[in-house]
Amino acid sequence: MIPPPLALYVHLPWCVRKCPYCDFNSHARPETLPESAYIDALLADLRSDLRGVAERRLTSVFIGGGTPSLFSARAIGALLQGVRDEMNCEPGLEVTLEANPGAVEIGDLAGYRRAGVNRLSLGIQSLDGNSLRALGRIHDVREALDAVNLAIRAGFTRINLDLMFGLPNQDLALAREDLQTALELDVEHISYYQLTLEPNTAFHHNPPRLPDEDLIWEIQEQGHEMLARSGFTQYEISAFSRADAECRHNLNYWRFGDYLGIGAGAHGKLSDTDGRIERIWKQRHPQAYLQGADRTRVQGRRELTQEDRVIEFCMNALRLKQGVELDLFEARTGLPVQRLERPIREAIDRGLLQADPERLCASSLGQRFLNDLLMIFEVNGNS
């Protein structure tokens, strides 16, 4: 099996404060952020992970969190220089940094650009003051708008905005105004997704009052229409971009590519030429991660079974609006495409999958009821 493209995810786990809806591996920052020690640990982690894959070309880097923009431009520069020293990077490497309004300034943004960051993902979440307060965000509307303007002034042309809908006490009019304000900022990529109450979050234990399912559906349909009218194409369930502005790093996930994961709680997926596919995850707590050495930073690893490969491939590929080429299944999983014949027939019969002999692509109904579609592949794709 020819290994697929290889990306790198870097997790910086600290935030100013944990948001009540967040289920990511994030922690309130200590009084003194251990920048140098953590960058050293990341690069040691990378060198350990590179054993056996050092010759492969790196296609993208995504620095997520937490709030990565709490780290200085100097620290991010040291990280990216270390990556370039250790890996064979493709020309025009996409390097994304997540940043939150209230934790960025023009000096650091310009420094991130000089360090090699060429794509910025801003965690706006809302441009309504009441909604921001309900979400427990540390920034206000003015700081959110300023962050976008600062990013543009710093030279970023590739900017994503994270924007939620289905927020506490949100109605159609509030959702429309929120999205319209974001559209007027004239960025090239918007991640527009529903607030969900994840287990082990403050919102899950003490739920706010959210719109009912019918209203959430109306808000979503309204938002999709507004994005389309403004020149955005939906290429994934919650991802919208202008022409040629898709996030290449996330496309690699959805097309079942490989990726290294370094940092506290980071996950990776690696394929080898013998057909093995393995998932690896790192120590979750920052202190345990910092105190680890080489392989001891690895908390666990698991080889994917054939059944795992079927459902994981479909879980990712069917998120894409245009689906994927059917022969990609064999190339990325090492399994014969005939493995999918029975679930494909059932899904088509139920109107959840497009009847295309060359592509695996959910219908409009299938995208709305994606869990039902995936259940067909989970039950029937493993025999």
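The buried residues of helix H2 (buried meaning under 20% relative accessible area, exposed over 50% and partly exposed in between, with a 1.4 Å probe and protein chains only) are Ala73, Ala75, Ile76, Gly77, Leu79, Leu80, Gly82 and Val83. Helices (H or I, at least four residues) and strands (E, at least two) are DSSP runs, numbered from the N terminus. The model is predicted, so that local features need pLDDT of at least 70 and side-chain atom pairs count only at pLDDT 80 or more, whereas totals for chains, interfaces and linings use all residues. Residues are numbered from 1 along each chain as its sequence is written, and side-chain values use heavy atoms, with hydrogens and water left out.

Helix H2 comprises 14 residues (residues 73–86), and at 1.5 Å a residue it should span 20 Å, which agrees with the 20 Å that separates its end C-alpha atoms; the expected span is defined as 1.5 Å times one less than the number of residues. In the loop between strand E4 (57–65) and H2 lies glycine 66, which is joined to glycine 65 by a cis peptide bond with omega of about 25 degrees. Most peptide bonds are trans, and most residues other than glycine have a negative phi.

Two residues that are not glycines have a positive phi: asparagine 169, at about 65 degrees, and aspartate 244, at about 60 degrees. Asparagine 169 is located in the loop between strand E7 (159–165) and helix H6 (172–183), and its relative accessibility of 55% places it in the exposed class. Aspartate 244 belongs to the loop between strand E10 (239–241) and helix H9 (248–254) and likewise counts as exposed, at 74% relative accessibility.

Asp212, Glu213, Asp214 and Glu218 form a negative surface patch, a patch being made of residues with over 30% relative accessible area and no salt bridge, in which like charges are joined within 9 Å and nonpolar side chains (Val, Leu, Ile, Met, Phe, Trp, Tyr) within 5 Å. A salt bridge is a side-chain nitrogen of Lys or Arg within 4 Å of a carboxyl oxygen of Asp or Glu. Within this patch, glutamate 218 lies in helix H8 (residues 213–229) and is partly exposed, with a relative accessible area of 42%.

Leucine 8, in strand E1 (residues 6–12), is buried, with a relative accessible area of 0%. Its C-alpha atom is separated by 36 Å from that of leucine 210, which is 202 residues apart from leucine 8 along the chain.

Methods:
Accessible areas come from the Shrake-Rupley method with a 1.4 Å probe; for residues, only the protein chains shown count as cover. Lys and Arg count as positive and Asp and Glu as negative; His and the chain ends are not counted. The place of a charge is taken as NZ of Lys, CZ of Arg, CG of Asp or CD of Glu.
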